[in-house]
Amino acid sequence: MPKRSEEMLMDLWMSLLLVWITCIPCVSMTPIIGQSKSTQTGGSAVVASGLGEGQRLLSRAKRGWVWNQMFVLEEFSGPDPILVGRLHTDLDVGGKNIKYVLAGEGAGTIFAINELTGDIHAMKRLDREEKAEYTLTAQVVNADTDEPLEPPSEFIIKVQDINDNPPQFIEGPYRASVPEMSAVGTPVTRVTATDADDPVYGNSAKLVYSILEGQPYFSIDPNSATIKVALHGMDREMREEYLVVIQAKDMGGHMGGLSGTTTVTVTLTDVNDNPPKFSKSLYEFVIPEDLPIGKMGGKVKANDRDIGENSKSTYSIVEGDEQGMFEIFTDTQAQEGILRLKRPLDYESKRAFTLKVEATNVRSEPSSGGPFKDSATVKVVVDDSDEPPIFSKPMYLLEVNENAPINTVIGSVTARDPDSSSSIVRYFIDRHTDLERQFNINVDDGKITLAKPLDRETDMWHNITVTATEVRNHSQISRAIVAIRVMDINDNAPEFATEYEAFLCENGKPGQVIQTVSAVDKDDPIQGHYFDYRLVPEMLNNPNFTIKNNQDNSISVLAKHDTFRRQKQEMYFLPIIVTDNGNPPMSSTNTLTIRVCGCSKDGIVQSCNVEAYVLPIGLSMGALIAILACIILLLVIVVLFVTLRRHKNEPLIIKDDEDVRENIIRYDDEGGGEEDTEAFDIATLQNPDGINGYLPRKDIKPDLQFMPRLIGDLKRNKNEKAIYGLHYNDECMYDLKKKKSEKDKQVLALR
C-alpha cells in the first residue's frame with residue numbers, strides 16, 4: 001500500500017510539471033522552430049508565444065510573425081479550457097482596432113482564440129492516439145471591416161503524449177511446445193505486446209517483459225520476450241502441460257507504468273526416453289499338438305510410457321526355439337506379440353518349450369541412449385491330442401507299363417498313428433479321384449494294384465488320393481496324393497503326319513521334288529523317334545518315282561522323268577512303308593496320291609483336270625467360268641423371250657374393283673343339267689382367277705378366252721335363262737347366246 005501511494009504521488013507531480021511548462025505565457029521574443037508561410041516584408045517584429053522545451057531567443061526584423069510549434073497535453077480534464085499558447089503581432093500596439101482569426105483543423109470546435117489577446121485554448125479533451133497533431137491558420141484582420149491586415153500564416157498544434165495506454169498482447173493467448181528433457185536455455189516461443197502510446201516521446205511505449213506464473217520451469221528475456229526452458233529434466237511422463245503468465249509493462253518497467261498480461265500454454269512433446277516393459281516376467285501357454293500351422297498359441301504385451309511412434313515396439317524370439325517351431329508376430333494396432341506355430345507340434349516327441357521373448361522400441365533417440373528393450377520368458381506346454389495317421393510321404397510317385405496285366409502291383413503307401421496308443425491303419429482310394437476305378441488298394445498293407453488296362457496314348461498320368469483311417473476312430477483321416485505315370489511301350493505304328501496330296505507338273509524336270517513327307521508316332525520312346533521309309537516291294541522298280549531320306553525323319557518324293565501327261569494318266573498312287581525304331585518295331589503302309597497337272601512356265605499349278613487339257617490354249621480357269629456364265633445368261637434370255645411371245649395375245653385382267661363397270665352377259669340356251677359336259681365350267685365361274693389368276697375357257701376361241709370376275713349371285717331356274725353379273729373395264733354390254741353344237745359354243749350376239 002505505501003508503494004502504491006508513492007506511485008500516485010509521483011504521477012501527480014509529473015502532471016503538474018507538464019501543465020506548468022505548457023501554460024506559462026511568453027511575453028518576450030520566442031525561437032523560431034516552424035517557418036512562417038507569410039510573405040509580409042514590412043512591419044515591426046511580431047511575437048507568438050507557445051513555450052516549448054529548450055526555447056531560445058531569436059529576432060527577425062522583416063517578418064510579421066514569429067512561430068513555434070504549440071503543444072497541448074492529451075487527456076487533460078481540468079475544469080477550465082487549457083491554454084495552448086498565445087499569438088501576438090507587432091501591429092497590436094496603442095489600442096489599434098485589430099482582432100485575431102483562427103482557421104483550420106478543429107478551429108472553433110476543438111480550439112478557440114481570444115480575438116483581442118490571441119490566446120488559444122483547447123476546449124475539449126484530446127487523445128493523441130486518435131489524432132496526434134492539428135494544422136491551423138492564424139491571421140490578423142481589422143476588427144471593424146474584417147479586412148486582412150497581414151497574410152495568413154500556418155502553424156501546428158501537437159498533442160503531447162501521456163502514458164494512458166497499457167500494453168496489449170494482440171496475438172494472445174499463446175500455445176507452444178518444447179521436447180521433454182530439453183536443456184536449460186532452450187527457446188520455447190516468443191511473445192509480442194504493443195503499446196499505443198508515442199514510442200518517441202518518453203518511456204510511455206518502452207516495454208519490459210516478466211513472468212508472473214510458470215517459474216521455476218520457464219524464464220523470459222525482458223527485452224526480446226523470448227521464453228526459454230529454465231529447469232533441467234522436465235519429464236513429459238510426469239507433467240505434460242504448463243501454464244505460463246507473461247506481463248508486459250511500459251515506462252521501462254518503472255513504477256507508475258501500465259501493464260498487460262497474456263498466457264502461454266507450453267506442452268512438452270514426447271521423446272523416446274522410456275523402454276517397453278512386459279506386464280509379467282513369465283507367460284505360460286498350453287497349446288494342443290494338433291493346432292494348425294499359423295494359428296495363434298498365445299500373446300504377450302509390453303507397455304511403454306511414451307506415446308505415438310516412440311511407444312511402438314517389435315517382438316522377437318531370442319532364445320529357446322532352436323527347432324524353429326514358433327514365430328512371433330507384432331500386432332501394430334494393439335501393440336501385442338502374437339505367438340504362432342511355424343511347424344506342427346508332436347506331444348510324443350517334445351512336450352514343453354521355454355522361450356525368451358524380447359520387445360524392442362521401433363524408434364530410438366541417440367541422446368537417450370536407446371534402443372530400449374525388455375524381455376520375458378514364455379513357457380509353452382504341448383497338450384496331447386488324438387492325431388490322424390501320418391503318411392511316410394506327402395506325395396507318392398509310381399510308374400507302370402501301359403501293357404501291364406490286371407492285378408499288377410504298382411506300388412504301396414504307408415502311414416502310422418503318431419499317438420502313443422498306435423492304432424491300426426486302414427487304406428482306401430478316394431473314388432472321386434478314380435471315377436473309372438482303374439486302381440485298387442489293399443486296405444491292410446496299402447499296396448496299389450491295376451484294375452483295368454491302361455493306355456498311355458489316352459492318359460499319361462493318373463492322380464489319385466489315398467486315405468488312411470484309424471480303426472478305433474474313423475474320424476481321424478489323413479490323405480496323400482499318389483501320382484501314377486504310365487510308361488510307354490511301342491504299340492503304335494508310325495503314320496503320315498497328314499493326308500498328303502502331291503501335284504506333279506507335266507513340264508517338270510527329272511529329279512524334281514514332288515512332295516516332302518514326314519511321319520508321326522503316338523508312342524514316346526525314351527531315345528526319341530527314328531523313322532525308316534521305303535517303297536513296297538512291288539514298287540521297288542517303279543519307273544516313275546523314287547524317294548530320298550532327308551536325315552530328319554522325313555523323305556522327299558522325286559520324279560524320275562519328264563514325260564508325265566494327263567491324257568495318259570491323271571493320277572498315281574505311291575505306297576510307302578514307314579517303320580519306327582521301337583522294340584519290337586512297328587510299321588504301316590501309307591499311300592501318297594500324286595496328281596499330274598498343267599503348270600505355268602514358273603511351275604505354278606493351273607489345272608489338274610483332263611477336260612481342261614482340250615480347251616483352247618491360253619484360257620485360264622477364270623476365263624472359262626466367265627464364258628460359261630455368259631452362255632447361261634443367254635439361255636435365260638431366250639427362255640424369257642419365248643415365254644413372253646406365248647403370252648403376247650393374252651389380255652390383262654383388271655382386278656381393281658373401284659374402276660370397273662357392271663356388264664351383263666345374256667345366255668339364252670337352256671342348261672343341260674349335270675350331264676351337260678360342254679357347257680361352262682361352274683368352278684371356273686366361281687373362281688375366275690384360278691390357280692394362277694386366270695383360267696382359259698375350253699369352248700371359246702383363243703381370241704375370246706377371257707371372262708370378267710364374277711361378283712354377283714348366280715340365279716338359276718329350271719329351263720330359264722342364266723344371268724351372270726360381271727365387271728369389266730369398259731361399259732359395253734354383251735349378249736351371249738349359247739347354242740349346243742358338237743364341238744364348241746359360239747358367240748351369237750354381241751351388243
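Q: Is Ile 632 of this predicted model buried, partly exposed or exposed?
A: Ile 632 has a relative accessible area of 47%. Buried would need under 20% and exposed over 50%. The value falls between those cut-offs, so Ile 632 is partly exposed.

Q: Which helix holds Ile 632?
A: The helix to look for spans residues 621-646. Position 632 falls within that stretch, and the helix is α2.

Q: About how much accessible area does the nonpolar surface patch with Ile 632 have?
A: Ile 632 shares this patch with Leu 628, Val 636 and Leu 640. The four residues form a nonpolar patch on the surface, and their accessible area together is about 370 Å².

Q: How many helices and strands does the chain have in this model?
A: Helix α2, at residues 621-646, is one of the helices. For the secondary structure of the chain as a whole, the count is three helices and 44 strands.

Q: What share of the contacts in the chain between residues at least 6 apart in sequence joins residues at least 24 apart?
A: Here a contact means heavy atoms within 4.5 Å. Take the contacts between residues at least 6 apart in sequence, and ask which of them join residues at least 24 apart. That share is 65%.

Q: Why can strand β3 be called largely enclosed by the rest of the structure?
A: Strand β3 covers residues 82-87, which is six residues. The strand counts as largely enclosed because the number of its residues that are buried is five of the six.

Q: Which strand pairs with β3 over four bridges?
A: The pairing runs in the antiparallel sense. At residue level, Arg 86 has Asp 119 as its bridge partner. Asp 119 falls in residues 119-122, and that strand is β6.

Q: How far apart are the closest N and O atoms of Arg 86 and Asp 119?
A: Arg 86 and Asp 119 also form a salt bridge. This pair links distant parts of the chain, β3 and β6, with the two positions 33 residues apart in sequence. Arg 86 is partly exposed at 25% relative accessibility, whereas Asp 119 is buried at 10%. The closest N and O atoms are apart by 2.4 Å.

Q: Which residue forms a salt bridge with Arg 472?
A: Arg 472 lies in the loop between β31 and β32, and its partner in the loop between β27 and β28, so the pair ties together parts that are 55 residues apart in sequence. Arg 472 is partly exposed at 47% relative accessibility, while the partner is buried at 4%. With closest N and O atoms 3.7 Å apart, the partner is Asp 417.

Q: Where in the chain is Arg 595, which meets Glu 570 in a salt bridge?
A: The N to O distance of this salt bridge is 4.0 Å. Both residues are partly exposed, Glu 570 at 25% relative accessibility and Arg 595 at 23%. Glu 570 sits in the loop between β38 and β39, and Arg 595, 25 residues apart from Glu 570, is in strand β40.

Q: Which strands are the edge strands of the open sheet that contains β14 and β15?
A: This sheet has four strands in the order β9-β15-β14-β11, with mixed pairing. Inside that order, β14 and β15 pair in the antiparallel sense over nine bridges, and Ala 248 stands opposite Gly 260 in β15. An edge strand pairs on one side only, which here holds for β9 and β11.

Q: What is the phi of Met 181, in the loop between β9 and β10?
A: Most residues other than glycine have a negative phi. Met 181 is not a glycine, yet its phi is positive. The residue is partly exposed, with a relative accessible area of 38%, and its phi is near 60°.

Q: Is Gln 551, which lies in the loop between β37 and β38, buried or exposed?
A: Gln 551 likewise has a positive phi, about 65°, although it is not a glycine. Its relative accessibility is 66%, and the cut-off for exposed is over 50%. Gln 551 therefore counts as exposed.

Q: Which residue is joined to Pro 216 by a cis peptide bond?
A: Most peptide bonds are trans. The bond to Pro 173 from Gly 172 is cis, with omega near -5°. Pro 216, found in the loop between β11 and β12, also has a cis bond, with omega about 5°, and the residue joined to it is Gln 215.

Note on methods
Residues are numbered from 1 along each chain as its sequence is written. This is a predicted model: local features need pLDDT of at least 70, side-chain atom pairs count only at pLDDT 80 or more; totals for chains, interfaces and linings use all residues. Side-chain values use heavy atoms; hydrogens and water are left out. Patches are made of residues with over 30% relative accessible area and no salt bridge: like charges are joined within 9 Å, nonpolar side chains (Val, Leu, Ile, Met, Phe, Trp, Tyr) within 5 Å. Accessible areas come from the Shrake-Rupley method with a 1.4 Å probe; for residues, only the protein chains shown count as cover. A salt bridge is a side-chain nitrogen of Lys or Arg within 4 Å of a carboxyl oxygen of Asp or Glu. Buried means under 20% relative accessible area, exposed over 50%, partly exposed in between (1.4 Å probe, protein chains only). Two strands pair if DSSP finds at least two bridges between them.
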